[in-house]
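User: I am a first-year student, and I would like a close look at the part of this structure that surrounds the ligand. Please explain each term as you go.

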Amino acid sequence: MSKTRDLYITEVALRDGSHAIAHQYTVDQVLSVAKALDEAGVPYIEVAHGDGLAGSSLQYGFSRTDEMKLIEAAVSVCSQAKIAVLLLPGIGTLKELKEAAALGAKMARVATHVTEADVSPQHISMAKELGMETVGFLMMAHMAPVEKLVEQAKLMESYGADIVYVVDSAGALLPYEVKERIHALKQHLGVEIGFHGHNNLSLAMANTLAAIEAGATRIDGSIRCLGAGAGNTQTEVLIAVLERMGIQTGIDLYQMMDLAEDIVAPILQAPQEITRDSLTMGYAGIYSSFLLHAKRAAERFGIDSRDILLELGRRKVVGGQEDMIVDVAAEIASKTEIATR
Ligand SMILES: CC[C@H](O)CC(=O)C(=O)O
Ligand SMILES: [Mn+2]
């Protein structure tokens, strides 16, 4: 039976949530989560390493399980949901994209820093050639003014993206900033617009509602908030809120609540909360996926992780510069040592 949907939700816990559990997903976990999401009516489920296809590495963290096995597992249990993959040009290549498509992934989300859309044309056109629904995913959207975001989104549209997303990777945007960004993209683009939020300032839900009000029809969420930093807009809560607003998602609320409580909560290494570190990320505008890396560096050098995060914010460090986390930690530690001599 086809569902009536006013907007389309992409569940990202099996990709963005990978950051929160240090990329330790097992095939069994993916099978049970994807099956339940499919049965609940979720239309898109993203599966990959947290940093996208081929992210498993020393720089980003090794996956416990080959992501292609996870994608294959998710595809095998879905009867209506489409499996999406994320790809960051420079990390993932056309080879992994083809492999994921051959395994049955039907959506490709090609992610670039908000000012670097021009690295994505090859990957976007290959995804289209492979018959995948293709998304341009503009990360760290708080770092560019609205006009720049529009320019970059138009580039992605010109390369063939079917949908363009505003991605609040740091959970740093405020509702009025989301609204003006989505509104501008709706005015200047002909494709659907999406929003992906993080909850570091406790604004993921408010920002998502602002995005929907401004015309976004593609929305990301992570069940039980299982995403990087303080997590994303909590999917099951979003479904309840949208139902109260009379907005149809085609997703069953009770089934999502049960999945969150019975299957996803036990996967979490710690409950998803706004901790001093994730709050600092939203406040300083830091990529949410840096959380565990910064914590580890702070422990290693015996310093406060907030000092590392604030300094990274001052230096405007972006995704792909994970090596800077240890550099900054070492610098802070040596300055502290000199000062206390
Ligand atoms: C490292 C990729 C990143 O996690 C993508 C994403 O979800 C975001 O920028 O928020
Ligand atoms: Mn994210």
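Analyst: Of the 341 residues of the chain, 55% count as buried, where buried requires 20 or more other C-beta atoms, placed from the backbone, within 10 Å of the residue's own. This is a predicted model, in which local features need pLDDT of at least 70 and side-chain atom pairs count only at pLDDT 80 or more, while totals for chains, interfaces and linings use all residues. Residues are numbered from 1 along each chain as its sequence is written, and chains are lettered from A and ligands numbered from 1 in the order in which they are written.

The domain assignment, automatic or from a database, divides the chain into domain 1 (8-267) and domain 2 (276-340), and their centres, taken over C-alpha atoms, are 26 Å apart. Contact between the two involves 22 residues of domain 1 and 16 of domain 2, a contact being two C-beta atoms, placed from the backbone, within 7 Å.

Turning to ligand 1, there are 13 residues around it, among which Asp16, Asp51, Met139, Ser169 and Ser289 come nearest; a residue counts as near if its C-beta atom, placed from the backbone, lies within 6 Å of the molecule. Both domain 1 (8-267) and domain 2 (276-340) contribute at least three residues to this shell. By class, the shell holds four nonpolar, seven polar and two charged residues, where Ala, Val, Leu, Ile, Met, Phe, Trp, Tyr, Cys and Pro count as nonpolar, Asp, Glu, Lys and Arg as charged, and the others, Gly among them, as polar.

Terms used:
Buried ≥ 20, exposed ≤ 12 C-beta atoms within 10 Å, placed from the backbone.
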